[in-house]
Amino acid sequence: MLKKELREILAENRATAGETWLESLTLRQEENTLRVVFPHMYFADWFSLHRRAAFEDALRKHFTRLHEDSVPRIVYESATPGAFTARNLPQPVSPPPGPDCRSNITAEAKDPFADFICNDKNAFPLATARELAADTTSTAYNPFLVCGRSGTGKSRLLQAMTSVMSRTADPARMICSSAARFCSEHLVWARRPELFWLRYDVLVLDDIQDLAGHDAWQRKIITIMDTCPGRQKSSPDISPREETPPAGEQAHRAAPRMIFACSGQPQALKALDERLRSRLESGLVVELMEPDLDVRLRYLQTMCKERHLPLTREQLLFLAQRCSQFRLLQGLMLKVGAYCAVKGNNLTQSDMENIVRTGVAEKMPGCREILGEVARRLNLRPEDVLGAKRRPDLVLARQVSMYICRRKLGLSYPELGRAFGGRDHSTVIYAINKIKKLLVSNKSVHQLVTEIEMKTP
């Protein structure tokens with residue numbers, strides 16, 4: 001009832017007449033408090049900048065007509081987080097605050113992709129995501145699917161894309177959620193998914209693999225994908241794009257866009273219904289690779305600067321060698337901060353070992369594990385690879401093992417020489433340079449190194 005009356009009041013204002021953003025808000029009145037729940041944090045930013053004053057003015061008019069003494073206290077909240085973590089929202093009180101109380105404009109002005117640390121392994125997915133987010137009028141690569149193991153930054157990449165798109169598109173016409181939460185919502189589109197594109201332009205869903213085993217949910221997504229304008233021609237009775245946008249929305253209307261993320265490699269899509277899988281694979285599928293040692297070290301250095309933690313490069317390298325995922329690195333740095341708060345900033349090696357001994361640290365592979373995996377792939381015995389024999393297959397296995405140990409563990413050349421039977425550091429340098437060249441010219445070596453790197457964290 002409240003929303004219906006507010007809609008009528010807003011329709012009296014030429015600036016807000018015909019707009020549909022009110023439908024995206026959830027209103028809950030509890031005694032002298034009115035809770036306004038946003039669908040996602042990017043809608044909250046847009047609302048605070050463009051429609052909050054009009055909304056609160058309509059509320060005052062409504063309660064004045066009811067002869068109420070005062071307007072209830074307004075509390076703004078984010079919907080329960082799905083794939084995205086909502087930041088604190090402003091809590092205005094009536095009358096509406098001035099421009100100085102608007103949402104965090106400085107944070108929005110910053111490039112959301114700037115903090116995404118990667119190297120050449122993930123350069124293509126990042127560049128593609130940036131391009132798609134910047135051009136909201138393009139229908140290329142629709143749908144866009146990001147795959148990758150847990151902790152590789154998929155949700156962070158979707159957050160950055162949504163943040164950029166919300167600057168030029170209407171956040172009220174964007175859905176950003178986890179796939180399971182999206183499908184479990186009991187909204188109009190849940191009963192009539194073919195009408196989804198009448199109300200929304202952008203669909204961003206994380207953890208699409210969670211739909212496996214839920215046939216009804218997958219059918220909803222299939223229907224939404226099939227009726228997406230620009231991807232497949234809709235039937236005349238449900239063609240959303242033939243409808244003329246209401247006044248005030250033309251400037252915010254974006255091209256229909258579907259963006260998904262799936263935990264695991266692209267093969268993980270096999271768990272989904274074949275019809276849904278084929279539709280996902282019909283667009284652009286990219287994979288975020290796990291951060292290697294260089295990226296993990298840079299990530300820890302950035303966190304150290306942000307949290308003012310005086311760790312040395314050797315200490316950061318010690319931590320980076322023990323975690324392969326960003327989330328686990330966050331947990332380690334949280335523990336480092338707690339140690340520093342209790343014991344001071346000068347952490348000893350014993351302290352660092354205690355930090356990684358308990359809690360979130362993984363058991364990272366050592367030289368022996370990597371050597372054993374290489375030997376197994378080439379049908380050799382590890383002790384023969386470590387020996388002094390110069391058989392071509394043994395030499396190749398030895399050089400490949402040194403190369404992967406250098407990349408994965410960040411060991412120095414002398415350390416690698418000692419680990420591989422007391423060899424000179426110049427031998428290690430030659431071996432690593434030799435494999436670098438073979439990776440370019442020899443497909444079998446490239447495949448061997450890639451498969452072993454993917455198998456070992």
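**Close-up views of a predicted model**

**View 1. Helix α13 and the helices around it.** Gln315, Leu316, Leu317, Phe318, Leu319 and Ala320 are the buried residues of α13. Like everything shown in these views, they come from a predicted model. The helix spans residues 313-320 and is mostly covered, with 6 of its 8 residues buried. What do these buried residues pack against? Their partners are three helices: α12 (293-307), α14 (326-343) and α15 (349-357).

**View 2. The five-stranded sheet.** Here we look at an open sheet of 5 strands with parallel pairing, in the order β5-β6-β7-β4-β8. β5 and β8 are its edge strands, each pairing on one side only. From one strand to the next, the twist averages 10°. Helix α6 (residues 154-168) packs on this sheet and touches β4, β5, β6, β7 and β8. The direction of α6 makes about 165° with that of β7. Helix α5 (residues 123-134) lies across β4, β7 (257-263) and β8, and runs at about 130° to β8.

**View 3. The β5 edge.** Strand β5 covers residues 174-178, and 5 of its 5 residues are buried. Its neighbour is strand β6 (residues 202-206), with which β5 pairs in the parallel sense over 5 bridges. To find your way along this pair, start at serine 177, which stands opposite leucine 205 in β6. Then step to serine 178, whose bridge partner in β6 is aspartate 206.

**View 4. The β8 edge.** At the other edge of the sheet, strand β4 (residues 144-148) and β8 pair in the parallel sense over 4 bridges. A handy landmark is phenylalanine 144, which has leucine 284 as its bridge partner in β8. Which residues of β8 sit on its covered face, and which on its uncovered one? Leu284, Val286 and Leu288 form the covered face of this strand (residues 284-288), while Val285 and Glu287 make up the uncovered face. Such a pattern is a familiar one: in a regular strand, side chains alternate between the two faces of the sheet.

**View 5. The three-stranded sheet.** This open sheet has 3 strands in the order β1-β2-β3, and its pairing is mixed. The edge strands, each pairing on one side only, are β1 (26-30) and β3 (73-78). The twist from one strand to the next averages 20°. β1 and strand β2 (residues 33-38) pair in the antiparallel sense over 5 bridges; for example, threonine 26 has valine 37 as its bridge partner in β2. Helix α3 (residues 52-65) packs on the sheet and touches β1, β2 and β3, with its direction at about 140° to that of β3.

**View 6. The largest cavity.** How many cavities of 30 Å³ or more does a search of the whole structure find? The search finds 2, and the largest has a volume of about 50 Å³. Its lining is made of 13 residues, with Cys118, Asn122, Met289, Pro291 and Val295 lying nearest the centre. By type, the lining residues divide into 7 nonpolar, 3 polar and 3 charged.

**View 7. Lysine 436 and valine 400.** Lysine 436 belongs to helix α20 (residues 425-441). Is this lysine buried, exposed or partly exposed? With a relative accessible area of 47%, lysine 436 is partly exposed, because that class lies between under 20% for buried and over 50% for exposed. Look as well for valine 400, which is 36 residues away from lysine 436 along the chain. The C-alpha atoms of the two residues are separated by 9.6 Å.

Key. Residues numbered from 1 in each chain as written. Predicted model: local features only at pLDDT ≥ 70, side-chain atom pairs only at ≥ 80, totals over all residues. Heavy atoms only, no water. Buried < 20%, exposed > 50% of the residue type's maximum accessible area, 1.4 Å probe, protein only. Helix = DSSP H or I, 4+ residues; strand = E, 2+ residues; numbered from the N terminus. Pairing = 2+ DSSP bridges. 1 Å grid on protein atoms, 1.4 Å probe; cavity = no way out; pocket = protein on both sides within 12 Å on 5 of 7 lines; lining within 4 Å. Points joined across faces, edges and corners; volume = space filled by probe spheres on them. Nonpolar A, V, L, I, M, F, W, Y, C, P; charged D, E, K, R; others polar. Axes fitted to C-alpha atoms, helices over the stretch in contact; angles between N-to-C directions. Contact = heavy atoms within 4.5 Å.
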